[in-house]
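Here is a short report on one model, written for a computational chemist. Fold, core, ligand shell and backbone outliers are taken in turn.

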Amino acid sequence: MNDIKVAVLGSEGVGKSALIVRFLTRRFIGEYASSSECIYRKRLSIDGRQLNLELYDPCSQAKPSIVHLIRELHLGATKRDVDSVVFLVGNKQDLCHVREVSREEGQQLAAEGKCQFYELSAAEHYQEVALMFSKVVRNASLNGKAK
Ligand code: GDP
Ligand code: MG
């Protein structure tokens, strides 16, 4: 059985817990505890392979610099001699009328940081949330990170 560990990182309030809970339960419940960190575990089958997925939801952080965060993730992977799989995800697509970051800015940041880019909504689009997480898991397992 392979283990895949995924950390969902970002500023407080961006919807990290909402995305994880949506993926695991299919539900969007609206309010999520943020006082303690959680690790969620799920067994799933991808391309006929059984995987143990661990999803790490940190207790909410101060506003990280995205550029710095992405660089740290790649550096950390290089130090451990593994390939990094980093997805840059813009949540709350349903609130596009009050958008603060354009899709183009997000795409550019992702290209510079060698990440895949997604925009979605935990509130509205279960299928896209599920697809995004399954792509993260598939990429991580294809990169030989699964032990
Ligand atoms: P976290 O601090 O990153 O874990 O953020 P939360 O998951 O606790 O979400 C913060 C707030 O944003 C909550 O009130 C959620 O209901 C709301 N939220 C999360 N995702 C979405 C979304 O896709 N659309 C909308 N409209 N609200 C969202
Ligand atoms: Mg949270």
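The report starts with conventions and confidence, then moves from the whole chain to single residues.

**Conventions and confidence**

This is a predicted model, in which local features need pLDDT of at least 70, side-chain atom pairs count only at pLDDT 80 or more, and totals for chains, interfaces and linings use all residues. Residues are numbered from 1 along each chain as its sequence is written, while chains are lettered from A and ligands numbered from 1 in the order in which they are written.

The pLDDT is the predictor's confidence in each residue, from 0 to 100. The protein chain averages 90, and 96% of the residues score at least 70. Confidence peaks in S4, at a mean of 97, and is lowest in H2, at 89. The model scores are ipTM 0.99 and pTM 0.93.

**Overall fold**

The protein chain holds 4 helices and 5 strands. Here helices (H or I, at least four residues) and strands (E, at least two) are DSSP runs, numbered from the N terminus. Their order along the sequence is β-α-β-β-α-β-α-β-α.

The C-alpha atoms fill a box of roughly 45 × 35 × 30 Å along the principal axes. The radius of gyration is 15 Å, which agrees with the value near 15 Å for a compact globule of 147 residues. That radius is taken over C-alpha atoms, and the globule rule is 2.2 Å times the number of residues to the power 0.38.

Two residues are in contact if their C-beta atoms, placed from the backbone, lie within 7 Å. Among contacts with a separation of 6 or more, 64% join residues 24 or more positions apart.

**Burial and the core**

A residue is buried if 20 or more other C-beta atoms lie within 10 Å of its own, exposed if 12 or fewer, and partly exposed in between, with C-beta atoms placed from the backbone. Buried residues make up 21% of the 147 residues.

A nonpolar core is a set of buried Ala, Val, Leu, Ile, Met, Phe, Trp, Tyr and Cys residues joined through C-beta atoms within 7 Å. The largest one has 22 residues, of which Leu19, Ile20, Val129 and Val137 touch the most other members. Helix H1 (16-25), strand S3 (49-57), strand S4 (87-90) and helix H4 (126-142) each give two or more residues to this core. Leaving out residues up to four places away in sequence, Val137 touches Ile4, Ile46, Leu51 and Leu53. In soluble globular proteins, nonpolar side chains tend to be buried together.

**Which helices are enclosed?**

H1 is largely enclosed by the rest of the structure, because 8 of its 10 residues are buried. Those buried residues are Lys16, Ser17, Ala18, Leu19, Ile20, Val21, Arg22 and Phe23. They pack against strand S2 (38-46), S3 and H4.

Helix H3 (residues 103-112) is hardly covered, with 1 buried residue among its 10.

H2 spans residues 66-79 and includes Ile66. Ile66 is partly exposed, since 18 other C-beta atoms lie within 10 Å. Its C-alpha atom is 9.4 Å from that of Gly113, 47 residues apart along the chain. Ile70 is also placed in H2. Ile70 is buried, with 21 other C-beta atoms within 10 Å. Beyond residues up to four places away in sequence, Ile70 touches Val86, Gly113 and Cys115. Ile70 and Leu109 are 39 residues apart in sequence and 9.7 Å apart, C-alpha to C-alpha.

**Ligand shell**

Around ligand 1 there are 20 residues, the closest being Gly15, Lys16, Ser17, Ala18 and Ala123. A residue counts as near if its C-beta atom, placed from the backbone, lies within 6 Å of the molecule. The shell has 6 nonpolar, 9 polar and 5 charged residues. Ala, Val, Leu, Ile, Met, Phe, Trp, Tyr, Cys and Pro count as nonpolar, Asp, Glu, Lys and Arg as charged, and the others, Gly among them, as polar.

**Positive phi**

Most residues other than glycine have a negative phi. The table lists residues that depart from this.

| Residue | Phi | Place |
|---|---|---|
| Arg26 | about 70 degrees | just after H1 |
| Asp81 | near 60 degrees | loop between H2 and S4 |
| Lys114 | about 55 degrees | loop between H3 and strand S5 (116-119) |

Asp81 is exposed, with 6 other C-beta atoms within 10 Å. Lys114 counts as exposed too, with 10 C-beta neighbours inside 10 Å.
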